[in-house]
Amino acid sequence: GLLLGFCALALVSWQSVTLNRRRSISLVSLGASVAAAVSTQYYGVLVLLPLAVGEGVLSLIRRRFDIAVWAALAVSIVPLALQLPLIRAGASYSSAFWSPPQWVNVPDFYTDLLTPAIVPIAFILVLGGIYSMMAGSDQGDAGTSTPRVLPWHEVAAAGGFIIIPVVCVVLAKVSTGAFVNRYAIPAVIGFAVLVGSATAFRRSAALRLVIAVSLTGWFLLSQAREFIEPTGFSMPVSQAQVNRATEWLANRDRDLPVVVADAQTFAVLSHYGSGEVKSRIVYLADPDLALKHLGHDSVERGMLDLLRPWFHMNVVEFEPYMAAHSRFLVYGNFVRLSFLNWLVPELHARGWRTELLNRAGDNLLLVAYRDHGATRAAHHAPPASSPAPVPAQ
């Protein structure tokens, strides 16, 4: 949200500069907003792409460079120099990041972004077509006033925003090793600018009002649907999920610790869980085992490097804990967050047994115990055939 807001502010500031509206303030706002975007997320530096493209086109049109704009853009990336130690430290996580880039991320991004808008877009297109047919004979009236078309340099800037996901994926492939759709969220701005400036919908103030009401109404309707029955996208953590852990653990083997199988559920319960839950839960971290079973270790390293020392959560190393315990409860999200769960496969690989105690939604509660003759060290043991927990074997 911050990244999207700062990038939008940067575009508006640049537009104000090109229109000579409060030029000095707009230049300061341009530099500050880009600097804020860069400081919010490292991919925020890509906001320079649409601004540079737009300014470049404007320079060609005017046949002169606006030195002040280019200086503001250059100064805005100074925070990257200050953050260089963090960048270098973070680079060590890129080799085994939990979300490595793939070329299919490019079409997937645009699909995820635009699919929810299919219904209102179809409605607007139909509405525009009907209006064009009904008002076609009036287009030549002398009293008709058509708003100006979007200037070419602003069209170029909007196009620059739209291709940010492509640049993000390429950059992730060759350098950062990490891509998630939200990193490229400023692309929303480009689509909004071009759709909002479409000439077919600028002929009538009444038509623009209907379109605005339609979009707002669809947004409110979709949010009402999410409020009534939240999905994993709009509300990945619900109060019911937090309460579930409390209910299941209230009278269940109070002498046993509760090992949370996935990092996200552990972080949520560490913050929102009841006092009893917080006192019993523990997360077992081991980057090598995570890499072995999941193919990435960045989450595990984050648990050890960030959540334990900075937020004082009960994160402990896997091997010492296993050596000291022969029985404990296991709780977590084993469906939607299965890509974060390596614990149960490793327990099975070591000969441990797991029994299902409760199940609701994506959450499972298991009891895990060491089988007679189970090995204690299985770093080189083959991974379990299935990550899903099963009843006693």
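## Cavities, salt bridges and ring pairs

The structure holds 3 cavities of 30 Å³ or more. The model is a predicted one.

### Cavities

The largest cavity encloses about 120 Å³ of space. It is lined by 13 residues, and those closest to its centre are Val-237, Gln-241, Thr-265, Val-268 and Asn-363. Two or more lining residues come from each of helix H13 (239-249), helix H14 (263-272) and S4. Among these contributors, H14 gives the most, with 4 residues. Sorted by class, the lining of the largest cavity has 7 nonpolar, 5 polar and 1 charged residues.

The second largest cavity encloses about 40 Å³. Its lining consists of Ala-263, Tyr-283, Ala-290, Leu-294, His-296, Asp-297, Val-299, Glu-300 and Leu-340. Here the elements that supply two or more residues are helix H16 (287-294) and helix H17 (298-311). By class, this second lining has 6 nonpolar, 1 polar and 2 charged residues.

### Salt bridges

The count of salt bridges comes to 7. Three of the pairs are set out below with the distance from N to O.

| Acidic residue | Basic residue | N to O distance |
|---|---|---|
| Asp-66 | Arg-23 | 2.6 Å |
| Glu-276 | Arg-280 | 3.7 Å |
| Glu-317 | Arg-308 | 3.0 Å |

Asp-66 and Arg-23 form a salt bridge, with 2.6 Å between the closest N and O atoms. Asp-66 sits in the loop between helix H3 (48-62) and helix H4 (67-75), while Arg-23 belongs to helix H2 (residues 23-40), so the pair ties together parts that are 43 residues apart in sequence. Asp-66 counts as buried because its relative accessibility is 10%, under the 20% cut-off. Arg-23, with a relative accessible area of 28%, is partly exposed.

The salt bridge of Glu-276 and Arg-280 lies within one element: both residues are in helix H15 (residues 275-280), 4 residues apart, about one turn of the helix. Glu-276 is partly exposed at 30% relative accessibility, whereas Arg-280 is buried, with a relative accessible area of 10%.

In the bridge between Glu-317 and Arg-308, Glu-317 is partly exposed at 35% relative accessibility. Arg-308 is also partly exposed, with a relative accessible area of 29%.

Salt bridges also form a network, which links Lys-292, Glu-319, Glu-346 and Arg-350.

### Aromatic pairs

A search of the whole structure gives 11 aromatic pairs. One of them joins Phe-318 and Trp-342 in an edge-to-face arrangement, with 5.3 Å from centre to centre and 65 degrees between the planes. Phe-318 is part of helix H18 (residues 318-324), and Trp-342 is in the loop between strand S4 (327-333) and helix H19 (343-349), so this pair ties together parts that are 24 residues apart in sequence. Phe-318 and Trp-342 are both buried.

Elsewhere, Tyr-43, Phe-179 and Tyr-183 are linked into a cluster by ring pairs.

### Cysteines

How many disulfides does the structure hold? The number is 0. Two cysteines can still be placed by their accessibility. Cys-7 is buried, with a relative accessible area of 1%. Cys-168 is buried as well, with a relative accessible area of 0%.

Note on methods: Residues are numbered from 1 along each chain as its sequence is written. This is a predicted model: local features need pLDDT of at least 70, side-chain atom pairs count only at pLDDT 80 or more; totals for chains, interfaces and linings use all residues. Side-chain values use heavy atoms; hydrogens and water are left out. Rings of Phe, Tyr and Trp (its six-membered ring) pair if their centres lie within 6.5 Å; planes under 30 degrees apart count as stacked, over 60 as edge-to-face and the rest as tilted. Buried means under 20% relative accessible area, exposed over 50%, partly exposed in between (1.4 Å probe, protein chains only). A disulfide is a pair of cysteine sulfur atoms within 2.5 Å. On a 1 Å grid over the protein atoms alone, a cavity is a set of points where a 1.4 Å probe fits but cannot get out, and a pocket is an open set with protein on both sides within 12 Å along at least five of seven lines; lining residues have an atom within 4 Å of a point. Grid points are joined across faces, edges and corners, and a volume is the space filled by probe spheres set on the points. Ala, Val, Leu, Ile, Met, Phe, Trp, Tyr, Cys and Pro count as nonpolar, Asp, Glu, Lys and Arg as charged, and the others, Gly among them, as polar. A salt bridge is a side-chain nitrogen of Lys or Arg within 4 Å of a carboxyl oxygen of Asp or Glu.
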